[in-house]
Amino acid sequence: MILRITKIETTKKNRLSFSVIQLILEEKIEVKRASINHLNKRYKKMSTLTDLEIEAKIENAKQKLEQLQAFKKKREMQKKALDSKKKRADETRKKILVGASIFIKIERGDFSESWLLEILNSTLTREVDRSFFNLNSLSNQSNSEETQQKINL
């Protein structure tokens, strides 16, 4: 008895599996038919176009291509600008952090203030920057250097 029940259940499962497979195959066939019908309609539509209509479609496609290329170029330029802005911001942050570190070292007594003024005197070239740190202007400094050289001669 038990064997027969198992056989009957197995047979029902096989029939059920076969039915499911059959439904899936029928669905796939319908999808393929719909796809083929869509392509046939499109082909018929394209084959009825005149040369003038085809040229117009080509021209439209060229215009769209140009628009997309312009959009791509604009986006690339924006990306470059953002990268450049980030790079400048990073550079400014480095300068601020280096300056803050030097000020801390001066406050602790690790560096002397005269050492910092010597560095600033040798590197700053803009008169506005030099006057901010109370440094002699470059024109005055070059005159005093020339005078010092003349005295040494």
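This tour visits a helix pair, a pocket and a set of salt bridges in a predicted model.

**First stop: helices α2 and α3**

Select residues 51-108, which form helix α2, together with residues 113-123, which form helix α3. The axes of α2 and α3 come within 9 Å, with a crossing angle of roughly 145°. To see where the two helices touch, display the side chains of I102, F103 and I106 on α2. Their partners on α3 are E113, W115 and L116. Colouring this contact by residue class gives five nonpolar residues, one charged residue and no polar residue.

**Second stop: the largest pocket**

Next, select K95, I96, V98 and G99, the residues that line the largest pocket. The space in this pocket amounts to about 160 Å³. By class, the lining comprises two nonpolar residues, one polar residue and one charged residue.

**Third stop: the salt bridges**

Four salt bridges are counted in the model; the tour calls at the three pairs below. Side chains of opposite charge can pair when their charged atoms come close.

Begin with K79 and D83, whose side chains form a salt bridge with an N to O distance of 3.3 Å. How far apart are D83 and K79 in helix α2? They lie four residues apart, so about one helical turn separates them. Colour the pair by accessibility: K79 counts as exposed, at 51% relative accessibility, whereas D83 is partly exposed, with a relative accessible area of 43%.

Move on to K105 and D110. Their side chains meet in a salt bridge, at 3.5 Å from N to O. K105 is partly exposed at 32% relative accessibility, and D110 is likewise partly exposed, its relative accessible area being 44%.

Finally, select R126 and D129, where a salt bridge joins the two side chains at 3.8 Å, N to O. Is R126 buried or exposed? R126 is exposed, with a relative accessible area of 52%. Its partner D129 is partly exposed, with a value of 26%.

**Returning to the helix pair**

To close, restore the view of α2 and α3. Two packed helices are described by the angle between their axes and the distance between the axes. With the axes of α2 and α3 drawn, the viewer may be turned to inspect the crossing of roughly 145°. Keep I102, F103 and I106 displayed against E113, W115 and L116 to retain the residues in contact.

Note on methods
Residues numbered from 1 in each chain as written. Predicted model: local features only at pLDDT ≥ 70, side-chain atom pairs only at ≥ 80, totals over all residues. Heavy atoms only, no water. Axes fitted to C-alpha atoms, helices over the stretch in contact; angles between N-to-C directions. Contact = heavy atoms within 4.5 Å. Nonpolar A, V, L, I, M, F, W, Y, C, P; charged D, E, K, R; others polar. 1 Å grid on protein atoms, 1.4 Å probe; cavity = no way out; pocket = protein on both sides within 12 Å on 5 of 7 lines; lining within 4 Å. Points joined across faces, edges and corners; volume = space filled by probe spheres on them. Buried < 20%, exposed > 50% of the residue type's maximum accessible area, 1.4 Å probe, protein only.
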